[in-house]
Amino acid sequence: MQIEHEERYDQFMDTVKLSLLMWRKAGKFDFAKIAEKLGSSERTVRRRFQSPETLTLEELYAWCELYDKDPVELLCVAVKEARKNT
């Protein structure tokens, strides 16, 4: 896959990763609970957490459900941040 605007993509993914990090720190769920919700192993969840670009849309949606967050809002904020900083 070829990304034309790598800076925007990086900012987009940084925003998603920051959101996941903030939710996890503020929330009550550990990797085991997240893995249960996503139907995967803790190892996979840790990899997804470290590299959110590997998340499927289904996993991202489930992660948002777990933390009672709106996935559309997350994506809109990520896009807005990516546009603003490039």
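Before we start, one definition: an axis here is a line fitted to C-alpha atoms, for helices over the stretch in contact, and angles between N-to-C directions run from 0 to 180 degrees. Keep in mind that this is a predicted model.

**Exercise 1. Work out how helices α2 and α3 are arranged, and what their contact is made of.**

Solution.
- Start with the geometry: α2 covers residues 31-38, α3 covers residues 42-50, and the two pack at an angle of about 100° with axes 8 Å apart.
- Angles of 65 to 115 degrees count as roughly perpendicular, so α2 is roughly perpendicular to α3.
- Next, look at who touches whom. Phe31, Ala32, Ile34, Ala35 and Leu38 come from α2, while Glu42, Val45, Arg46 and Phe49 come from α3.
- Sort that contact of α2 with α3 by class and you get 7 nonpolar, no polar and 2 charged residues.

**Exercise 2. Do the same for α4 and α5.**

Solution.
- The axes of this pair come within 9 Å and cross at roughly 110°.
- α4 and α5 are therefore roughly perpendicular to each other.
- From α4, the contact uses Leu60, Tyr61 and Cys64; from α5, it uses Pro71, Leu74 and Leu75.
- By class, the contact of α4 with α5 splits into 6 nonpolar, no polar and no charged residues.

**Exercise 3. Check the span of α5, then find where its buried residues lie.**

Solution.
- Take the span: at 1.5 Å a residue, the 14 residues of α5 should cover 20 Å, and the end C-alpha atoms are 20 Å apart, which agrees.
- Now pick out the buried residues of α5, namely Pro71, Leu74, Ala78 and Ala82.
- Looking down the axis of α5, these buried residues fall within an arc of 65°, so they line one face of the helix.
- Turn to the other side of α5, and you'll meet Val72, Glu73, Lys80, Arg83 and Lys84, which are exposed.
- What covers the buried residues? The cover includes α1 (6-26) and α4.

**Exercise 4. Decide whether Asp68 is buried or exposed, and describe its backbone.**

Solution.
- Find the residue first: Asp68 sits in the loop between α4 (57-66) and α5 (71-84).
- Its relative accessibility is 70%, so Asp68 counts as exposed.
- For the backbone, phi of Asp68 is near 55°, a positive value in a residue other than glycine.

**Exercise 5. Place Ile3 and say how far it is from Pro71.**

Solution.
- Ile3 belongs to the segment before α1.
- With 31% relative accessibility, Ile3 counts as partly exposed.
- In sequence, Ile3 and Pro71 are 68 residues apart; in space they are 22 Å apart, C-alpha to C-alpha.

Note on methods:
Residues are numbered from 1 along each chain as its sequence is written. This is a predicted model: local features need pLDDT of at least 70, side-chain atom pairs count only at pLDDT 80 or more; totals for chains, interfaces and linings use all residues. Side-chain values use heavy atoms; hydrogens and water are left out. Helices (H or I, at least four residues) and strands (E, at least two) are DSSP runs, numbered from the N terminus. Angles under 35 degrees count as roughly parallel, over 145 as roughly antiparallel, 65 to 115 as roughly perpendicular and the rest as oblique. Contact means heavy atoms within 4.5 Å. Ala, Val, Leu, Ile, Met, Phe, Trp, Tyr, Cys and Pro count as nonpolar, Asp, Glu, Lys and Arg as charged, and the others, Gly among them, as polar. Buried means under 20% relative accessible area, exposed over 50%, partly exposed in between (1.4 Å probe, protein chains only). The expected span of a helix is 1.5 Å times one less than its number of residues. The arc is that of the directions from the helix axis to the C-beta atoms.
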